Amino acid sequence: MDLTYADVGATQHAVLPRGYRHLRYERVLSVPYERAVETLMTWQAHRRTGLSPRPTAPRAAAGVEVVCRLGPFREPCRVVWALETPDRTGFGYGTLPGHPFTGEESFVLERVGDRVTFTITVFSRPARWYTRLSGPLPGLAQRLFVRLYGRAVNS
């Protein structure tokens, strides 16, 4: 299956593509870096937000596909980039056909000294009739979920 957008990997860069809604969320964590890494990279953060992720591998890595379910909604995605270094870890995934949106979302942990930050970067736009007709609700839901991810990684 092909991704549903052209700007693959753009969440790794400072400039996001035009024509999408952009969202950036950053939180300083109180948990150790290694613990946050395991929570993020093993899909636990997704589970803790109330999603039911079904990944093709137990750990996020480039090429891994995941379908997240929330009630009747299916959100198929593919990890398009991943990195794991001693001080920076994360991944970005992009939407596949059937997702209510089109675009990309990244989740990055960074350690600088004793400080650990978690950053989510998103560019998206509605892809289905019901997301196009629901006005500001998808944007509000996205802002809620990035905060839930922040709590999930920090627990």
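This report covers the pockets, aromatic pairs and paired strands of a predicted model.

## The largest pocket

The largest pocket has a volume of about 560 Å³. Its lining holds 25 residues, and the closest to the centre are Glu75, His99, Phe101, Ala141 and Gln142. By class, the lining has 15 nonpolar, seven polar and three charged residues.

Strands and helices both contribute. β4 (73-84), β5 (88-95), β6 (101-112) and β7 (115-126) are among the elements that supply at least two lining residues each. So are α3 (129-133) and α4 (137-153). The most comes from α4, which gives six residues to this lining.

## The second largest pocket

About 240 Å³ is the volume of the second largest pocket. It is lined by 17 residues, with Arg24, Arg88, Val108, Thr119 and Thr121 the closest to its centre. Two or more lining residues come from each of β1 (21-29), β4, β6 and β7.

The class count here is six nonpolar, seven polar and four charged residues. Three elements need noting for both pockets: β4, β6 and β7 appear in the lining of the largest pocket and in that of the second largest.

## Aromatic pairs

The whole structure contains eight aromatic pairs. One of them joins Tyr5 and Phe123. The geometry is edge-to-face, with 5.7 Å centre to centre and 75° between the planes. Tyr5 lies in the segment before β1 and Phe123 in strand β7, so this pair ties together parts that are 118 residues apart in sequence. Both residues are buried.

Tyr93 and Phe107 make another pair. Their ring centres are 5.5 Å apart and their planes stand at 85°, so this pair too is edge-to-face. Tyr93 belongs to strand β5 and Phe107 to strand β6, 14 residues apart, and the pair links distant parts of the chain. Tyr93 has a relative accessible area of 5%, so it is buried. Phe107 is also buried, at 0% relative accessibility.

## A ring cluster and a charge over a ring

Tyr93 and Phe107 also belong to a cluster. Ring pairs link them with Trp43, Phe91, Phe145 and Tyr149. Phe91 and Tyr93 fall within the range of β5 (88-95), while Phe145 and Tyr149 fall within that of α4 (137-153).

Elsewhere, an arginine meets a ring. The charged end of Arg125 sits over the ring of Tyr20, 4.1 Å from its centre.

## β6 and its partners

Is β6 enclosed or open? Nine of its 12 residues are buried, so β6 is largely enclosed by the rest of the structure. Phe107, at 0% relative accessibility, is a buried residue of this strand.

On one side of the pairing list stands β5. β5 and β6 run antiparallel and are joined by seven bridges. Thr89 has Leu109 of β6 as its bridge partner. The two strands form a hairpin with five residues between them. Gly98 lies in that turn and has a positive phi of about 100°.

β7 also pairs with β6. These strands run antiparallel as well, joined by 12 bridges. The bridge partner of Gly103 in β7 is Ser124. This second hairpin has two residues between its strands. Its turn holds Gly113, which has a positive phi of about 65°.

How values were computed
Residues numbered from 1 in each chain as written. Predicted model: local features only at pLDDT ≥ 70, side-chain atom pairs only at ≥ 80, totals over all residues. Heavy atoms only, no water. 1 Å grid on protein atoms, 1.4 Å probe; cavity = no way out; pocket = protein on both sides within 12 Å on 5 of 7 lines; lining within 4 Å. Points joined across faces, edges and corners; volume = space filled by probe spheres on them. Helix = DSSP H or I, 4+ residues; strand = E, 2+ residues; numbered from the N terminus. Nonpolar A, V, L, I, M, F, W, Y, C, P; charged D, E, K, R; others polar. Phe/Tyr/Trp six-rings, centres within 6.5 Å; stacked < 30°, edge-to-face > 60°. Buried < 20%, exposed > 50% of the residue type's maximum accessible area, 1.4 Å probe, protein only. Lys NZ or Arg CZ within 6 Å of the ring centre and 35° of its normal. Pairing = 2+ DSSP bridges.
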